[in-house]
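User: I would like to learn how to read a structure feature by feature, with the general idea stated before the particular case. Could we work through one together?

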Amino acid sequence: MSMEADPGRLRTEADELGWEVDADDEWGLAVLGTVGRQLKLRRETAGLRAGEFGERVGYGEDMVYKIEGGKRIPRPEYLDDADRVLGADGLISAMKEDVEKVRYPKKVRALRELEAKAVELQLYDPLNVHGLLQTPEYARGLLLMRRPAYGLDEVERFIAARVARKAVFERDPAPEVSFVLEEWTLRRPLGGRAALRGQLEHLLEVAGLRNVELQVMPMDREEHAGLAGGIELLKFEDGSAVGRSPVVAQGRPVHEPKHLHILELRYGIIRAQALTPRESLAFIEHLLGET
């Protein structure tokens, strides 16, 4: 939908929470700098002042300058409207793919690239519902709990990043994905009861996928191999793997067979101690009925 249809309402920074790039993101800054220069060059070639152009695309003059200066990430709609107003024949709109990648923090982009290549993922988070499983509402409630608090723009950016990572479930061929969730994370109503209910419903939906195994670790277990921290194990088609856990190499990603063996051993024990996938599905259905 074009923003030009409402010229009296020009967007400002208050409308663009979460559309800034990290200061240490060299690649992101380079992409935005290139996009901004192209936008400015085409605007000036068209004989439009920043304010005039802003009115046509629904943005304030200050926002136009910041986007052209590479200080703000332009929305996809902005690029589409700019393409139309400047008569760029799709050349500006074509920049949306690279700009979309800049939208997410550098660390998240690196993780997403690994997840996109993995043929098997084994994931355990002892503190929260894993990020790949979070609904936007649950993620917002979780992020708003952080102290010191995130800014609202940071919250929206992290939510967008987590939603984007869910593309791993849409791949073809799909990777094999295993999750172990803690019971207490499925009971705490972060973001409110409605958000928790939506999260539980989403877990049931994901658990129904043929390539996903979801298990719950009950709180009444007398033995638990995962108390030292979470585990991430990603395996790739060429036989290589990468793992991460607070108990190995101080949480840094590891590739060495001896470290990977430790993580795989711990994950296997955790899975054996948790409810089976079938039992876990019934358990989540029970919790949903109580919510």
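User: Let me begin with a single residue: in which helix is the place of Lys-96?

Analyst: This is a predicted model, and in it Lys-96 has its place in helix α5, which covers residues 96-102.

User: Is Lys-96 buried, partly exposed or exposed, and with which residues is Lys-96 in contact once its neighbours within four places in sequence are left aside?

Analyst: Exposure is read from relative accessible area, where buried means under 20% and exposed means over 50%. Lys-96 has a relative accessible area of 28%, so it is partly exposed. Leaving aside neighbours within four places in sequence, Lys-96 is in contact with Pro-76, Leu-79 and Asp-80; of these, Pro-76 is 20 residues apart from Lys-96 in sequence, with 5.9 Å between the two C-alpha atoms.

User: Turning to the interior, which residues touch the most other members of the largest nonpolar core?

Analyst: The general idea is that in soluble globular proteins nonpolar side chains tend to be buried together. Here the largest nonpolar core has 32 residues, and Leu-133, Leu-186 and Leu-203 touch the most other members. Two or more residues each are given to this core by β1, α7, β2, α10, β3, β4 and α12, and the largest share, six residues, comes from α10. A second, separate core of 25 residues includes Val-21, Ala-50, Ala-88 and Val-102.

User: What does Leu-203 touch, not counting residues up to four places away in sequence, and against which elements do the buried residues of α7 pack?

Analyst: With those sequence neighbours not counted, Leu-203 touches Val-129, Leu-133, Leu-181, Leu-186, Leu-214 and Ile-284. In α7, which spans residues 136-144, the buried residues are Tyr-138, Ala-139, Gly-141, Leu-142 and Leu-143, and they pack against α8, α9 and α10.

User: How should I read a helix by its length, and how far does α1 reach from its first C-alpha to its last?

Analyst: One compares the reach with the span expected at 1.5 Å a residue: α1, residues 26-45, has 20 residues and reaches 28 Å, close to the 28 Å expected. Its buried residues include Gly-28, Val-31, Leu-32 and Arg-43, and just after α1, Gly-47 takes a positive phi of about 75 degrees.

User: Which residues other than glycine have a positive phi in the loop between β5 and α11, and which peptide bonds are cis?

Analyst: Most residues other than glycine have a negative phi, and most peptide bonds are trans. Ala-249, in the loop between β5 and α11, has a positive phi near 55 degrees, and Gln-250, found in that loop, has a positive phi of about 55 degrees. Ala-249 counts as partly exposed because its relative accessibility is 25%, whereas Gln-250, at 72%, counts as exposed. As for cis peptide bonds, one runs from Arg-147 to Pro-148, with omega near 0 degrees, and Pro-148 lies in the loop between α7 and α8; another runs from Asp-172 to Pro-173, with omega near 5 degrees, and Pro-173 lies in the loop between α8 and β2.

User: Finally, how many residues line the largest pocket, and which lie nearest its centre?

Analyst: A pocket is read from its space and its lining. The largest pocket holds about 980 Å³ of space and is lined by 31 residues, with Leu-111, His-130, Arg-165, Glu-232 and Arg-244 nearest its centre. The elements α6, β1, α8, β4 and β5 each give two or more residues to this lining, and α6 gives the largest share, five residues. By residue class, the lining divides into 16 nonpolar, nine polar and six charged residues.

Methods:
Residues numbered from 1 in each chain as written. Predicted model: local features only at pLDDT ≥ 70, side-chain atom pairs only at ≥ 80, totals over all residues. Heavy atoms only, no water. 1 Å grid on protein atoms, 1.4 Å probe; cavity = no way out; pocket = protein on both sides within 12 Å on 5 of 7 lines; lining within 4 Å. Points joined across faces, edges and corners; volume = space filled by probe spheres on them. Helix = DSSP H or I, 4+ residues; strand = E, 2+ residues; numbered from the N terminus. Nonpolar A, V, L, I, M, F, W, Y, C, P; charged D, E, K, R; others polar. Expected span 1.5 Å × (residues − 1). Buried < 20%, exposed > 50% of the residue type's maximum accessible area, 1.4 Å probe, protein only. Core = buried A, V, L, I, M, F, W, Y, C linked by side-chain atoms within 4.5 Å. Contact = heavy atoms within 4.5 Å.
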